[in-house]
Amino acid sequence: MAKGTSTLVGHPETGLNCGRNFPVASYDLDATLASGQAFRWRLHKGEWTGVIAGRWVALRAGDDSIIARTVLPQTDWNWLADYLQVELDMAGVLTTFPDDEPMRNAVAACRGLRLLRQDPWECLASFILSSTKQIVQIQQIVSLLCERYGEAVSVAPGFPPVNAFPSVQKIAGLTEADLRACKMGFRAPYLLATARLIESGQLDLANVAKMPVVEARAELMQAPGVGRKIADCVLLFAYGFQSAFPVDVWVMRALKDLYFPRRRPKLKRLHHFSQTYFGPNAGYAQQYLFHYMRVKKKYAAVA
DNA sequence: TACCAGGAGAGCG
DNA sequence: CGCTCTCATGGT
């Protein structure tokens, strides 16, 4: 049996199986799953484990491929192909970046970094919880929330138990005290009010996907606790609006240091710059700058 | 210990 | 508007 297909557990007559090999080029799975766009992936004995659309899945990087396995046999794997965006032409995206030194450095330092296509509710809720929190803390809050209020999913033997991300209805039915007990502090009333806004039908997350980006952003920003930055994260990480360019403290620093040295550009100016300078895949460029700043700081701390 | 974290919203002049 | 302050918690 060829290497790379060894994890396939096929049922030849039905086509059902619990394993799948996705061919990919220029895909750094480790960097992507740990890059602060999704908060639920855990590395367990060489595999990244997570829950997508209620299904437990384990991923590992193969030779120019991503090897996936689930607990239950799958009739199709579109849900995972879509989440991982394995069909994206990464080389093509890179050609749309501005050809300047900062971007060349960022691309060189983060080769294979990708954007995922997450569930809108999980993404929105997670980023409401992200404000002025470090990524490790966001991971802790989200996992506590799932542990307490998510539904259990089937896990492969030998792996730690895990729950799905709690539904809108589940969160909407909780109290602020329940949420504060998950260590989210002042973000608790925001998450609760947003869940109830969605449950009431006043905010329709499925409908946001059909809107032009500017309207979609305004729609998301109706939700309490959702400003420009969090809205842009959801537009980029869940809805695939590749022009969305979240400006957080890291990206702010990157833009100032790399493009506006010895000046004090205002946030408004940086937003305008981000939408005119980085091209149609500005959001991708943003993720490269974000990750570049973080790995650069890590090396600086060691040295 | 002191500072800071993938911010948002309210209050102020 | 544009600036400042507060909000809750814990990592480094």
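A polar contact is a pair of N or O atoms within 3.5 Å; within protein, one must be able to donate a hydrogen and the other to accept it, and residues adjacent in sequence count only if both atoms are side-chain atoms. One such pair joins the side chain of Lys-133, through an N or O atom, to a base oxygen of DNA strand C at 2.5 Å.

The model is predicted: local features need pLDDT of at least 70, side-chain atom pairs count only at pLDDT 80 or more, and totals for chains, interfaces and linings use all residues. Residues are numbered from 1 along each chain as its sequence is written, chains are lettered from A and ligands numbered from 1 in the order in which they are written, and side-chain values use heavy atoms, with hydrogens and water left out.

**DNA strand C**

A residue is near a strand if one of its heavy atoms lies within 4 Å of it. The residues around DNA strand C include Thr-132, Lys-133, Gln-134, Gln-137, Arg-180 and Lys-266. Of the atoms of this strand that come within 4 Å of the protein, 63% are sugar and phosphate. The surface near DNA strand C has two nonpolar, five polar and five charged residues. Here Ala, Val, Leu, Ile, Met, Phe, Trp, Tyr, Cys and Pro count as nonpolar, Asp, Glu, Lys and Arg as charged, and the others, Gly among them, as polar. Helix H6 (residues 135–149) gives the largest share of this surface, three residues. Helices (H or I, at least four residues) are DSSP runs, numbered from the N terminus.

**DNA strand B**

Among the 29 residues around DNA strand B, those that come nearest are Gly-36, Gln-134, Ile-135, Arg-253 and Gln-286. Sugar or phosphate makes up 64% of the strand's atoms within 4 Å of the protein, and bases make up the rest. The surface near DNA strand B divides into 13 nonpolar, 11 polar and five charged residues.

Some polar contacts of the two strands are listed here.

| Residue and its atom | DNA atom | Distance |
|---|---|---|
| Gln-134, polar side-chain atom | strand C, sugar or linking oxygen | 3.0 Å |
| Gln-137, side-chain N or O | strand C, sugar or linking oxygen | 2.8 Å |
| Gly-36, backbone N or O | strand B, base nitrogen | 2.5 Å |
| Lys-133, polar backbone atom | strand B, sugar or linking oxygen | 2.8 Å |
| Lys-229, backbone N or O | strand B, phosphate oxygen | 3.4 Å |

Two or more residues of the surface near DNA strand B come from each of H6, helix H12 (228–237), helix H13 (249–259) and helix H15 (282–302).
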